[in-house]
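User: I've got a new protein in front of me and I'd like to work through it step by step. Can we go through it together?

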Amino acid sequence: MFPLFKENIRIAFFSIKSQVLRTVLTVMIIAIGITALVGILSAVSALENTITSDFASMGTNTFNLQRYDSQIRVNGGERDRINPIISYREVKEFRDNYLYPQTQVSISFTGTSSAELKYESEKTDPEASVLGVNENYVTNSGLNVEEGRDFSIFDIENNNNVAIIGADVKNGILEGVNPLDKIISIRGVKFRVIGVLESKGSTFGNNQDLRVLIPLQVARSMFTNANINYNVSVRVENQEMLEGAQDEAIITFRNVRGLNPVEENNFGIAKSDDLLNRIFSITQYLNIAAWVISIITIFGSSIALMNIMLVSVSERTREIGVRKALGAKKNTIAFQFFMETLIIGQMGGIIGIILGILIGLAVSTSVGFDFTTPWMAIIWATAITIIVAVLAGSYPAAKAAKQDPIESLRYE
């Protein structure tokens with residue numbers, strides 16, 4: 001049995017080599033469909049991994065008060081209403097009046113995203129972000145101080161000129177030196193470095209490591225732009241108290257804004273897991289697009305594969321007659337042609353998987369996503385190529401097996 005199986009595989013490879021051009025074209029058609037499937041699913045998986053890792057550190061016990069319900073628009077177009085910005089007066093009043101137990105409130109704002117940082121004779125390009133924060137920002141944002149310490153309440157209340165820097169700042173102007181207690185300059189104001197944040201990488205082109213955190217009031221004295229929008233984050237120690245904390249936050253902020261009971265909220269509230277669900281709902285469309293593109297292409301490749309095998313059966317009619325005259329059974333003939341179909345399908349699948357992974361890796365690297373090997377996409381691609389081979393090879397194999405040996409020997 002095994003020698004016969006081995007011989008059929010040898011004959012299948014010999015037949016494939018004798019039809020190189022048609023085989024290559026068919027293999028590439030299959031590979032294109034698999035590449036589309038694996039490539040898009042790889043990129044989407046990398047996107048989901050990056051977003052999940054960015055938000056997972058914040059936990060499910062943190063929520064934000066923000067200008068709108070969501071900063072991510074699933075559908076395009078203008079907003080139905082324009083909410084007022086969240087001002088410093090409002091966040092200060094909210095912090096003073098929000099007394100829900102076992103919670104801590106973080107206040108922050110982005111002073112600039114184009115600061116030039118200096119240390120002695122070294123300086124960065126004007127692309128660093130400077131954030132004014134209070135003592136709870138690092139904890140509420142799920143950040144970790146890798147070296148040094150976090151802000152203390154005394155740093156914030158006394159408006160000390162201290163700073164916590166991102167990993168890229170340390171590896172840039174402070175490379176090769178111990179960054180702690182070094183003096184850096186921002187817009188001519190000197191700050192003593194007290195901590196270095198753990199690297200977070202880049203998301204959607206936004207480098208999260210090229211930033212500096214400074215005390216809130218110090219930042220307000222440096223950045224006096226009109227209409228600065230402040231961010232408020234509330235962390236609840238006990239997750240079971242999250243819903244109550246959110247309700248209390250809504251009531252408190254409505255009172256801060258002087259809203260009547262009949263008026264709708266002119267601000268938004270969002271949890272990190274709600275934001276994740278919104279993002280994943282968007283990525284579902286990309287998954288659907290990957291399947292639609294690949295199914296259409298694979299359907300075409302199935303027709304092409306069946307066509308090449310039918311042509312092969314016609315061209316080898318006399319060979320089939322000789323083999324049957326020498327005692328070959330129908331199953332043996334059918335298996336030979338089916339094996340050819342399976343080999344061509346798997347060749348296309350392997351090439352498609354490799355190209356798809358390379359494309360997914362290239363896209364992930366270019367935009368800073370966390371790429372992981374898309375095992376599920378690879379499994380699906382392998383299964384699809386086998387199904388394509390079965391569907392495309394069954395009829396030609398059955399047709400070859402049913403050939404009449406006498407008529408086949410007469411075939412010219």
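## Strands, cores and spans

Analyst: Sure, and keep in mind that this is a predicted model. Let's start with a pairing: strand S5 (residues 128-133) runs parallel to S12, with five bridges between the two. In that pairing, the residue opposite Val130 is Val212 in S12.

User: Which residue of S12 stands opposite Ile164?

Analyst: Look at strand S7 (residues 162-165), which pairs with S12 in the antiparallel sense over two bridges. Ile164 stands opposite a residue of S12, and that residue is Leu213.

User: Is strand S12 largely enclosed or largely open?

Analyst: Check how many of its residues are buried, which here takes a relative accessible area under 20%. S12 covers residues 211-215, and five of the five are buried. So the rest of the structure leaves S12 largely enclosed.

User: Is Ser185 buried or exposed?

Analyst: Ser185 sits in strand S8 (residues 183-186). Setting aside residues up to four places away in sequence, it touches Glu116, Leu117, Lys118 and Lys190. The cut-off for buried is under 20%. Ser185 has a relative accessible area of 13%, so Ser185 is buried.

User: Which helix gives the largest share of the largest nonpolar core?

Analyst: That core has 46 residues, and Phe94, Ile184, Ile186, Val212 and Ile214 are the ones touching the most other members. The largest share of this core is five residues, and they come from helix H8 (residues 242-256).

User: How many residues are in the second, separate core?

Analyst: Its members include Ile34, Ile298, Met339 and Ala397. The count for this second core is 31 residues.

User: Are the buried residues of helix H3 on the same side or on opposite sides?

Analyst: In H3 (residues 88-97), the buried ones are Tyr88, Glu90, Val91 and Phe94. Around the axis they cover an arc of only 165°, so they're on the same side of H3.

User: What do those buried residues of H3 pack against?

Analyst: Phe94 gives a taste: leaving aside neighbours within four places in sequence, its contacts include Val105, Val232 and Phe253. Taken together, the buried residues of H3 pack against strand S1 (62-66), strand S2 (103-115), helix H7 (216-222), strand S13 (231-236) and H8.

User: How far apart are the end C-alpha atoms of residues 375-395?

Analyst: An unreviewed UniProt entry lists residues 20-44, 288-313, 334-363 and 375-395 under "transmembrane region". In the model, residues 20-44 are 100% helix, with end C-alpha atoms 35 Å apart. Residues 375-395 are 100% helix and 0% strand, and their end C-alpha atoms lie 32 Å apart.

Terms used:
Residues are numbered from 1 along each chain as its sequence is written. This is a predicted model: local features need pLDDT of at least 70, side-chain atom pairs count only at pLDDT 80 or more; totals for chains, interfaces and linings use all residues. Side-chain values use heavy atoms; hydrogens and water are left out. Buried means under 20% relative accessible area, exposed over 50%, partly exposed in between (1.4 Å probe, protein chains only). Helices (H or I, at least four residues) and strands (E, at least two) are DSSP runs, numbered from the N terminus. Two strands pair if DSSP finds at least two bridges between them. Contact means heavy atoms within 4.5 Å. A nonpolar core is a set of buried Ala, Val, Leu, Ile, Met, Phe, Trp, Tyr and Cys residues joined through side-chain atoms within 4.5 Å. The arc is that of the directions from the helix axis to the C-beta atoms. UniProt positions are given in the numbering used here, feature names are shortened, and annotations may be inferred rather than shown by experiment.
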